[in-house]
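Me: Please pick one part of this protein and look at it closely. I would like a single connected explanation, with each term explained when it comes up.

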Amino acid sequence: SSGINAEYGIKRLSSGYASCDFEEAGYWDSDLVKMDVLINKEIVPGLSVILREEQVREEALRTVSEIAAMISQEMFKIVIQCAVGGKIMARKEIKQYKTDVTSRLYGGDISRKKKVLENRRIAMKSLQARSKVNIPRGVFRRF
């Protein structure tokens with residue numbers, strides 16, 4: 001079936017002037033694994049790939065770097081990981097925007113500053129839990 005599709009593709013590209021002759025080589029065992037891409041601990045099914053076991057490490061590092069370059073910085077931390085069977089092969093973090101919440105606090109009691117920082121930490125934790133990462137379409141086209 002795939003041979004027929006390949007022959008059709010060659011004919012279509014060459015306007016009917018090219019041909020292809022092939023023999024089926026048979027089937028053999030291979031060490032294949034499924035590599036999942038996780039963004040903030042959620043698997044993105046459209047980015048999962050099947051690779052040979054010896055290619056996984058390099059491909060995981062390349063994939064994580066390329067995705068991190070395409071995703072923009074947000075108000076919360078974004079963690080990008082590649083995993084094979086629950087084992088993390090590569091990881092990259094996109095840091096959150098920094099905002100100085102204590103700039104309006106000058107002088108006074110240190111407990112005011114601690115209270116503002118604690119409230120900010122709680123708010124960021126809540127934001128992280130309910131936020132979704134916007135994945136650009138270019139990421140899906142590239143993989």
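Reply: A residue counts as buried when its relative accessible area is under 20%, as exposed when it is over 50%, and as partly exposed in between (1.4 Å probe, protein chains only). The model is predicted, so local features need pLDDT of at least 70 and side-chain atom pairs pLDDT 80 or more, while totals for chains, interfaces and linings use all residues. Residues are numbered from 1 along each chain as its sequence is written, and side-chain values use heavy atoms, without hydrogens or water.

The part chosen here is helix α2. Helices (H or I, at least four residues) and strands (E, at least two) are DSSP runs, numbered from the N terminus. Helix α2 covers residues 56-70, which is 15 residues. From its first C-alpha to its last, α2 reaches 21 Å, close to the 21 Å expected at 1.5 Å a residue (the expected span is 1.5 Å times one less than the number of residues).

Which residues of α2 are buried? They are V56, A60, T63, V64, I67 and A68. These residues lie on the same side of α2, because they cover an arc of only 125° around the axis; the arc is that of the directions from the helix axis to the C-beta atoms. On the other side of α2, E58 and A69 are exposed.

The next topic is the nonpolar core. In soluble globular proteins, nonpolar side chains tend to be buried together. A nonpolar core here is a set of buried Ala, Val, Leu, Ile, Met, Phe, Trp, Tyr and Cys residues joined through side-chain atoms within 4.5 Å. The largest such core in this protein has 23 residues. Those that touch the most other members are M35, I39, V56, I67, I71, I78 and I80. At least two residues of this core come from each of β1 (32-39), α2, β4 (78-84) and β5 (87-94). Helix α2 gives the most, with 5 residues.

Two residues outside α2 show what touches it. Contact means heavy atoms within 4.5 Å. Not counting residues up to four places away in sequence, I39 touches V44, I67, I71, I78, V79, V133 and I135. Counted in the same way, Q81 touches D36, V37, L38, V64, I88, A90 and R91. Q81 is found in strand β4 and is buried, with a relative accessible area of 9%. I67 and V64, which appear in these two lists, are among the buried residues of α2.

Just ahead of the helix in sequence, the loop between β3 (49-52) and α2 holds E53. Is E53 buried or partly exposed? With a relative accessible area of 48%, E53 is partly exposed. Leaving aside its neighbours within four places in sequence, E53 is in contact with D31 and V33. E53 and M35 are 18 residues apart along the chain, and their C-alpha atoms are separated by 9.7 Å.

Helix α2 also takes part in salt bridges. A salt bridge is a side-chain nitrogen of Lys or Arg within 4 Å of a carboxyl oxygen of Asp or Glu. By this rule the count comes to 7. One of them joins E66 to R62, with the closest N and O atoms 2.7 Å apart. E66 and R62 are 4 residues apart in α2, which means that about one helical turn separates them. E66 is partly exposed at 22% relative accessibility, and R62 is partly exposed at 36%.

Elsewhere, E93 forms a salt bridge with R91, and their closest N and O atoms are 2.6 Å apart. E93, at 29%, is partly exposed, as is R91, at 46%. Salt bridges that share partners also join E59, R62 and E66 into one network. D36 meets K34 in a salt bridge (3.7 Å, N to O). D36 is buried at 13% relative accessibility, whereas K34 is partly exposed at 48%.

Finally, the whole protein gives the setting. It has 4 helices and 5 strands, in the order α-β-β-β-α-β-β-α-α along the sequence. Its radius of gyration is 24 Å, well over the 15 Å that the globule rule gives for 143 residues, so the protein is more spread out than a compact globule. The radius is taken over C-alpha atoms, and the rule is 2.2 Å times the number of residues to the power 0.38. Taken along the principal axes, the C-alpha atoms fill a box of roughly 85 × 35 × 20 Å. Buried residues make up 27% of the 143 residues.
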